[in-house]
Amino acid sequence: MSKISPISGFPEWLPSDRIVEQFFLDTIRETFELHGFASIETRAVEPIERLSSQGEDADKEIYAVRRLAAGADDDSGPGLGLHFDLTVPFARYVLENSGKLAFPFRRYQIQRVWRGERPQEGRYREFTQADIDIVSDGTLPFHYEVELPLVIADAFSKLPIPPFRIQVNNRQIPEGFYRGLGIEDVLAVLRIVDKLDKIGPDKVAKLLVDAGLTDAQAKSALQLAEISSTDASFVEQVRALGVKHEILDEGLERLAAIMTAANEHAPGLLVADLKIARGLDYYTGTVYETQLIGHESYGSICSGGRYDSLASDGKTTYPGVGISIGVSRLLARLFKYGLVAGSRSTPTAVLVALTQEEDRADAMRTAAALRSRGIPTEVAPAAAKFGKQIKYADRRGIPFVWFGGVDGAADSVKDIRSGDQVDADASTWTPAPEDLRPSIENPQENQ
């Protein structure tokens, strides 16, 4: 038998970590629904042609899908690939269902995606994303671009994560600025500047010059990218660079409005950071990235932006704005640094002990009575001495062990953490609310 080895880039959490993941997903889902977003799920595959049209490097990330025993007929249709994000399939979903949707349409989607990139810390080939988008038919009011980061802030405030900041920019600012400098290939420059945090200003400057910019143009592009503020003061900093263009004016006005509104509802949450560009070509306006404070080198754990023409059937265009939480990426960082853990590796709250196999039927009836009242319960896997069964429960983090009465005596339940044991009736006994389900803890707080 061949040796089993993990496949790089495809994370599989242990049960205790999976409990944390489920808590995060449930909290995110509940928050999205609280803000009026409806759930959808899209198919895993899209035509490769549609996926590969979303950016210069998009085709490098696509996993193609084909039957192993494909016949000649399999080549007649469009090639299929696994989706690398949830925005592209959502745009297609809107086009296919536009006659059945009420606009503006608010959707959330929590699914796996697949991306063919080199696995490294926090970057996987298969991972879970949680997206929200608002899309409309014809026009999409600007105020939605203010709303989305506030929804994310609400979700994150309920999760046991470090402090965070949401960096925001408007792609009209660099686009107008570059055009004001006389640069024509705006998308190429955006893609290069988007690498600033990864490779640093010196390498970015060289890439810009290699792409055809003059030294002066490259210097100005980097000066723009250095501007950052927690309020609308960035406007004057950009003006001081002396570049003028009508697209730049519109971008500055919009980003200033976002910062003003955000500071009213969540002071200090948003940072206007003019180096944020996002690499995908479909973004046209506001763009977002989110960093954990103290973990800035890790990069963004939540990002998105506005797109005006991703979904269009030739007659109607459906502009939208969306933001996506990289759930797997966020959890990977928290797990690595021991910032979050499940209190136990199983949902079980009670183990019904078994001293002899002849008592299994009674034990199963006890377990059923507890489960009927919402108490997660399991019966011991085999008859054994009580001490051994208590050790079994302790290894799995099960807080209570139930003992059946002997010779007419009452049943009892033992809290194996404190050693307290009391008489109990399966039809009425209930554990404390905090013991009913696994909890999420920060191990470092207990050190």
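Start by selecting Asp17, Val20, Glu21, Phe24, Leu25 and Ile28 in α1, then add Val327, Leu330, Leu331, Leu334 and Phe335 in α13; the two groups meet. By class, this contact has 9 nonpolar, no polar and 2 charged residues. You are looking at a predicted model.

**Stop 1: the α1 and α13 pair**

Show the two helices whole. α1 covers residues 15-34 and α13 covers residues 327-336. Their axes lie 11 Å apart and make an angle of about 135°. That makes α1 oblique to α13. The crossing is right-handed. Now look at how the contact residues are spaced along a helix. An α-helix has 3.6 residues a turn, so residues three or four places apart point the same way.

**Stop 2: the whole protein**

Zoom out. The C-alpha trace spans about 95 × 60 × 45 Å along its principal axes. Cartoon view shows 16 helices and 19 strands. Of the 447 residues, 49% are buried. Take the contacts with a separation of 6 or more: 71% of them come from residues 24 or more positions apart.

**Stop 3: the sheet of 9 strands**

Select the strands in the order β1-β5-β6-β12-β11-β10-β7-β9-β8. They form an open sheet with mixed pairing. Which strands stand at the edges? They are β1 (38-39) and β8 (228-229). Each has a single partner strand, so one side of each is left without a neighbour in the sheet.

Move inward to β11 (residues 302-307) and β12 (residues 320-326). They pair in the antiparallel sense over 6 bridges. Pick Tyr307 and look across to its bridge partner in β12, Gly320.

Next, show the helices on this sheet. α5 (residues 143-157) lies across β5, β6, β7, β9, β10, β11 and β12, and runs at about 20° to β12. α12 (residues 246-265) also packs on the sheet. Its contacts are with β7, β8, β9, β10 and β11, and its direction makes about 155° with that of β7.

**Stop 4: Gln291**

Stay with the sheet and select Gln291, in strand β10 (residues 286-292). Is this residue buried or exposed? Its relative accessibility is 8%; buried means under 20%, so Gln291 counts as buried. Turn on the neighbours. Leaving aside those within four places in sequence, Gln291 is in contact with Pro163, Phe164, Arg165, Gln167, Asp197, Glu296 and Gly299.

**Stop 5: α10 and Val193**

Select helix α10 (residues 215-225). Its buried residues are Gln217, Ala218, Ser220, Ala221, Leu222, Leu224 and Ala225. What covers them? The cover includes helices α6 (172-180), α7 (186-193), α8 (196-199), α9 (201-210) and α11 (234-239), together with strand β9 (270-273).

Now pick Val193, in helix α7. Val193 is buried, with a relative accessible area of 4%. Beyond residues up to four places away in sequence, Val193 touches Tyr178, Val204, Leu208, Ala225 and Lys275. Ala225 is also one of the buried residues of α10. Add a C-alpha distance from Val193 to Ala277: 7.4 Å in space, against 84 residues in sequence.

**Stop 6: a cis proline**

Jump to Pro104, in the loop between α4 (87-97) and β5 (105-114). Check the peptide bond between Phe103 and Pro104. The bond is cis, with omega about 0°.

**Stop 7: the sheet of 5 strands**

Select β15-β14-β16-β17-β18, in that order across an open sheet with mixed pairing. β15 (377-379) and β18 (421-423) are at the edges. Each has a single partner strand, so one side of each lacks a neighbour in the sheet. On average, neighbouring strands are turned by 25° against each other, direction ignored.

Centre on β16 (residues 400-403). β14 and β16 pair in the parallel sense over 3 bridges. In that pairing, the bridge partner of Val350 is Phe400. With β17 (residues 412-415), β16 pairs in the antiparallel sense over 4 bridges. Here Val401 partners Lys414, and Trp402 partners Val413.

Show the side chains of β16. Phe400 and Trp402 lie on one side, Val401 and Phe403 on the other. All four are buried, and both faces of the strand are covered.

Finish with α14 (residues 360-371). This helix lies across β14, β15 and β16, running at about 175° to β15.

Note on methods. Residues are numbered from 1 along each chain as its sequence is written. This is a predicted model: local features need pLDDT of at least 70, side-chain atom pairs count only at pLDDT 80 or more; totals for chains, interfaces and linings use all residues. Side-chain values use heavy atoms; hydrogens and water are left out. Two strands pair if DSSP finds at least two bridges between them. Axes are lines fitted to C-alpha atoms, for helices over the stretch in contact, and angles run from 0 to 180 degrees between N-to-C directions. Contact means heavy atoms within 4.5 Å. Angles under 35 degrees count as roughly parallel, over 145 as roughly antiparallel, 65 to 115 as roughly perpendicular and the rest as oblique. A crossing is left-handed if the near helix is turned anticlockwise from the far one by less than a right angle, and right-handed if clockwise. Ala, Val, Leu, Ile, Met, Phe, Trp, Tyr, Cys and Pro count as nonpolar, Asp, Glu, Lys and Arg as charged, and the others, Gly among them, as polar. Buried means under 20% relative accessible area, exposed over 50%, partly exposed in between (1.4 Å probe, protein chains only).
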